[in-house]
Amino acid sequence: SSDIIWTAFLVGFFIIHPMLVLFNGALIDCTEISGDYYLVADMSQKCYTTSWWYWQIGNACGFLLYSVILPAVLLTHMYKNKHRLSEPSFGVRFGFIVKGFTTTHWYWEFVQMYRKIILIIISLSIKRLAYRLVLFQITIFCFFCTNVGLKPFSRSVHYDAENTILLTLLTMLNLGTYYFRDDLTLAESEGKHLSSDPLLWVVYICLVALNVVVLLSFVVLFLNLYK
């Protein structure tokens, strides 16, 4: 039926969307070698040639289609019918998007989608690792504050899980800023990099411990979900 097709389309769209954005980014991610620029994903392809620019036209159209136009159409349709989102007939099609969020924050799935887009764009466009980590932290912190301020989730366990994820990312990025502060030294030898600064071992142990704590936290949250 049409409802099944709609649901399958929306589920598929939100699942593969980050991969589509990564594919878009891979087509513009170039690196310089001996004065010429080559595509990182395929070093046999030169960048900034006539054919490369033709590819970018299609690349830009694709990005606009599934990162701007399609989400805008869906948001507009859902906004016009937001009073019907709780109806079974309407919920069959859009329940995947609004489920888990409060009635006033039915759009939050799109907010999370654009958070992924922003992080992917930063990852692909900022070459300097230190700058990339700082921008990651600023972005995650903004979304964390938004999550705390608006409380978009209908269940506290989902709210706690989201905050745990964002705080973990912030902490790891902050530790990573120190750990990767010297890219050249790190690239020479991982062991040498650690031995040159004993404090790095503390940072490294904290990163490992943080991942263990987060894993245990999610086990607890998962168990609470089914109480």
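## A buried ionic pair

Glu-162 has a relative accessibility of 8% and therefore counts as buried, since the limit for that class is under 20%. This value, like every other in this report, comes from a predicted model. The partner of Glu-162 is Arg-115, with which it forms a salt bridge whose closest N and O atoms are 2.7 Å apart. The pair links distant parts of the chain, for Arg-115 belongs to helix α4 and Glu-162 to helix α6, which covers residues 156–179, and 47 residues separate them in sequence. Arg-115 is likewise buried, its relative accessible area being 13%.

Side chains of opposite charge can pair when their charged atoms come close. In this model the count of such salt bridges comes to three, and the remaining pairs are taken up below, after the overall fold.

## Overall architecture

The protein is built from nine helices and three strands. Followed along the sequence, these elements occur in the pattern α-β-β-β-α-α-α-α-α-α-α-α, so that one helix precedes the three strands and the other helices come after them. Of the 227 residues in the protein, 33% are buried.

## Partly exposed salt bridges

A salt bridge joins the side chains of Lys-46 and Asp-36, with an N to O distance of 3.7 Å. This pair also connects distant parts of the chain, since Lys-46 is in strand β3 (residues 42–46) and Asp-36 is in strand β2 (residues 36–39), ten residues away. Lys-46, at 41% relative accessibility, counts as partly exposed, and Asp-36 is also partly exposed, with a relative accessible area of 33%.

Arg-84 and Glu-87 form another salt bridge, in which the closest N and O atoms are 3.4 Å apart. Partly exposed is the class of Arg-84, whose relative accessible area is 28%, and also of Glu-87, for which the relative accessibility is 31%. Arg-115 and Glu-162, by contrast, have values of 13% and 8% and fall in the buried class, because that class lies under 20%.

## The largest pocket

Rolling a probe the size of a water molecule over the atoms shows where empty space is left. The largest pocket found has a volume of about 260 Å³. Its lining consists of 15 residues, and those nearest the centre of the pocket are Asn-24, Gly-25, Ile-28, Ile-121 and Leu-124. Three helices, α1 (2–26), α2 (50–80) and α4 (108–125), each contribute at least two residues to this lining. By residue type, the lining divides into eight nonpolar, five polar and two charged residues.

Ile-28, which is among the lining residues nearest the centre of this pocket, has its C-alpha atom 9.7 Å from that of Trp-53, although the two residues are 25 positions apart along the chain. Trp-53 is located in helix α2, and its relative accessibility of 48% makes it partly exposed, because the exposed class begins over 50%.

## The second largest pocket

The second largest pocket encloses about 200 Å³ of space. Its lining is made up of Lys-82, His-83, Leu-85, Ser-86, Gly-95, Val-98, Lys-99, Phe-101, Thr-102, Thr-103 and Trp-106. In terms of residue type, four of these lining residues are nonpolar, five are polar and two are charged; the charged ones are Lys-82 and Lys-99.

## A nonpolar surface patch

Leu-64, Leu-65, Val-68, Ile-69 and Val-73 together make a nonpolar patch of about 420 Å² on the surface. Leu-64, one of these residues, lies in helix α2, and it is partly exposed with a relative accessible area of 43%. That value satisfies the condition for patch membership, because residues of a patch must have over 30% relative accessible area.

## Loop residues with positive phi

Positive phi values in residues other than glycine are found at Tyr-48, where phi is near 65 degrees, and at Lys-151, where phi is near 50 degrees. Tyr-48 is placed in the loop between β3 and α2, whereas Lys-151 is placed in the loop between α5 (129–150) and α6. Tyr-48 counts as partly exposed at 44% relative accessibility, and Lys-151 is partly exposed as well, with a relative accessible area of 46%.

Technical notes:
Residues numbered from 1 in each chain as written. Predicted model: local features only at pLDDT ≥ 70, side-chain atom pairs only at ≥ 80, totals over all residues. Heavy atoms only, no water. 1 Å grid on protein atoms, 1.4 Å probe; cavity = no way out; pocket = protein on both sides within 12 Å on 5 of 7 lines; lining within 4 Å. Points joined across faces, edges and corners; volume = space filled by probe spheres on them. Helix = DSSP H or I, 4+ residues; strand = E, 2+ residues; numbered from the N terminus. Patch = residues over 30% accessible without salt bridge, like charges linked within 9 Å, V, L, I, M, F, W, Y side chains within 5 Å. Areas by Shrake-Rupley, 256 points an atom, 1.4 Å probe, with all protein chains shown as cover. Salt bridge = Lys/Arg side-chain N within 4 Å of Asp/Glu carboxyl O. Buried < 20%, exposed > 50% of the residue type's maximum accessible area, 1.4 Å probe, protein only.
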